[in-house]
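Here are a few exercises to work through with the model open beside you. Try each task before reading its solution.

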Amino acid sequence: MGLQGWRNVLALKTSKNNNRAAWQRAFPVPLSHSQITRLYSRFHSLDKGENGALSREDFQRIPELAINPLGDRIINAFFPEGEDQANFRGFMRTLAHFRPVEDNEKNKDLTSGEPLNSRTNKLLFAFRLYDLDRDDKISRDELLQVLRMMVGVNISDEQLGSIADRTIQEADTNGDMCISFSEFIKVLEKVDVEQKMSIRFLH
Amino acid sequence: MESYLFPFDSLICMLLGISFTVWFTLLLVFIIVPAIFGVSFGIRRLYMKSLIKLFEWATLRMDNGETLKRIIAKEPVSLEQEIQDMRRGGAEPEFDMSDIFYFCRRGVESIVDDEVTKRFTAEELESWNLLTRSNYNFHHISTRLTALWGVGVLIRYGFLLPLRVTLAFTGVGLLVVLTSIVGLFPNGRMKNYLSDKVHLMCYRICVRALTAIITYHDSENKPKNGGICVANHTSPIDVIILASDGCYAMVGQVHGGLMGVIQRAMVKACPHIWFERSEVKDRHLVAKRLSDHVADKSKLPILIFPEGTCINNTSVMMFKKGSFEIGCTVYPVAIKYDPRFGDAFWNSSKFGMVNYLLHMMSSWAIVCSVWYLPPMSRMEGEDAVQFANRVKAAIARKGGLADLLWDGGLKRGKVKEVFKEEQQKLYSKVLVGSSEDGSSS
């Protein structure tokens, strides 16, 4: 691991309380010291090029991710618009969406606006998986493409097309044949998003 | 100027001469002679016990509030169940925009912690064994501990390493020389007997060269002639560990250099199976040579590592089916290293062989347990892959290792597309149900 990287980790481990607050302001994720350290070591073990940032190939080296039908879309979520490298902060930001929602979030006064792991932000993460061109709407084409990724060659084009049409019909309320984010939220209002889109971090 | 040095010169020479003689005598008496006869003074076990006490003391002093358990808890829920749970009321399977959540969560879980990539790096330890190479969080905790570590470095590099290197050279040298001599004998019982003794002796010296403390369990199941011995693979040292307790025919590629010299010498004394690089690709040729060897009951059992690559001793990965197609008795062996004393795993993408051996010889010790499992044969109606998986499960169970279906080849290569297609097929089934309405292209 790079020297600066380890300096960061050591600063984290030996920080006193006031430093810890500063550290957590810099990192928008209220995880414990040990969790952040573990994630840093995971980040480092994925970073085969040892240049402090992950490329798409680094993610694809994880076999369980490579066989996930939506693997490429998930990997894309870690890379900001137009960039090819994900640094540790970006890595943590994206993972932060998957923290379970707790009632007494202490970080409400640390970050401005909603925490990354709120229900709305989790739904936004999922919405962006569908929204291939990042224009804040899911068109029929985009829906078809994502469906095709999920089913492979096992379903015919016509059937897939009718599934897509049906889905858009059910969700679309303003008649523009696309699903906007607010329509997306409405469609999924009864789903337990907090539980389905959370990872249980230990200790 | 030089006249002043003369008396010192001869004094130094004398001192050097005496210390060398003492050194070699001690070496001979305490290490080489017992190795020849296969007895042990118990020095290594005593050493091991004192090291354990030391490590426990060192661990107490460290701030190890962060125990190295898993970072996330994964729910082992299947795709169908999850999607069923998420269906909003309606019973008929139909696409729902929330289906994506399952794949999403699974994907991100695998990014945070997956089962495969961590098998190709050294295992993390809960306690510290005073080797900085195995402690990623090392920083200054107390002067006493750092001093202890410093003393450890001196002992390991100043005393243990030269001792072990000397022994290693002796062992390998004797192997080459003695097997060549045995090779001059005419084929027969005498030659086999001598070759066995020579091999055992030299491997025992090599075992001492690594300060390997090995416990063999269930020796009544030791492999016999006309069979194949399979074991899980962690490092090249596995060969030395197994071969110092029994005689095997080795299988491998022909190398150049020092390895080639050793290989050529060994094959003079007893028939090992060395393949040319070009022959390795030809699976039929390989299978034929192995079957011929196995059919001859006077030849030693073959030693094979079906994983094909080194895994870090926390799991057993997919066994290649080649050796299980031959149709003879298979003798499984489980090898488990104790990582507290020195990590035996060879990360071949990170370290070369020489670097690895240096690490091995400057660790405290190599402590491992070997279990000989009862022999297995292929059952009626079982194909080679199922047989391989059965043997693998038995080895994993005995050694306390995780049994994985993933291919060890993932260390270097990409995962096959067919696994992704399986996932897609599974999801399609859920989507359109198994009714006749589901038309697949």
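**Exercise 1. Describe residues 356-373 of chain B: how much helix, how much strand, and what end-to-end distance?**

Solution. Start with the secondary structure of this predicted model: residues 356-373 of chain B are 33% helix and 39% strand, where helices (H or I, at least four residues) and strands (E, at least two) are DSSP runs, numbered from the N terminus. Next, take the end C-alpha atoms of that span, which are 29 Å apart. Now look at the annotation: an unreviewed UniProt entry lists residues 20-43, 141-159, 165-185 and 356-373 of chain B as "transmembrane region"; such annotations may be inferred rather than shown by experiment, and positions follow the numbering used here, with feature names shortened. Finally, set residues 165-185 of chain B beside it: that span is 90% helix and 0% strand, with its end C-alpha atoms 31 Å apart.

A word on conventions: residues count from 1 along each chain as its sequence is written, while chains are lettered from A and ligands numbered from 1 in the order written. Local features need pLDDT of at least 70 and side-chain atom pairs pLDDT 80 or more, whereas totals for chains, interfaces and linings use all residues, and side-chain values use heavy atoms, leaving out hydrogens and water.

**Exercise 2. Find the strands that pair with β4(B), and give the sense of each pairing.**

Solution. First, recall that two strands pair if DSSP finds at least two bridges between them. Strand β4 (residues 249-253) of chain B runs parallel to strand β6 (residues 302-304) of chain B, with two bridges; here M250(B) is partnered by L303(B). Then turn to strand β5 (residues 273-275) of chain B, also parallel to β4(B), with three bridges; V251(B) faces I273(B) there. For context, the unreviewed UniProt entry gives residues 227-338 of chain B as "domain: Phospholipid/glycerol acyltransferase". That span is 33% helix and 23% strand.

**Exercise 3. Characterise the interface of chain A and chain B: how many residues does each side supply, and how much area is buried?**

Solution. Step one is counting: chain A supplies 62 residues and chain B 58 residues, with contact meaning heavy atoms within 4.5 Å. Step two is area: about 5,600 Å² is buried, 68% of it on carbon and sulfur atoms (accessible area, 1.4 Å probe, lost on putting the two parts together and summed over both). In chain A, E64(A), I67(A) and K196(A) lose the most area to chain B, together 13% of what that side buries.

Step three is charge: one salt bridge crosses the interface, counted when a side-chain nitrogen of Lys or Arg is within 4 Å of a carboxyl oxygen of Asp or Glu. R42(A) and D114(B) form this bridge, at 2.9 Å from N to O.

Step four is the backbone: strand β5 (residues 200-201) of chain A pairs antiparallel with strand β1 (residues 72-73) of chain B over two bridges, and R200(A) sits opposite A73(B).
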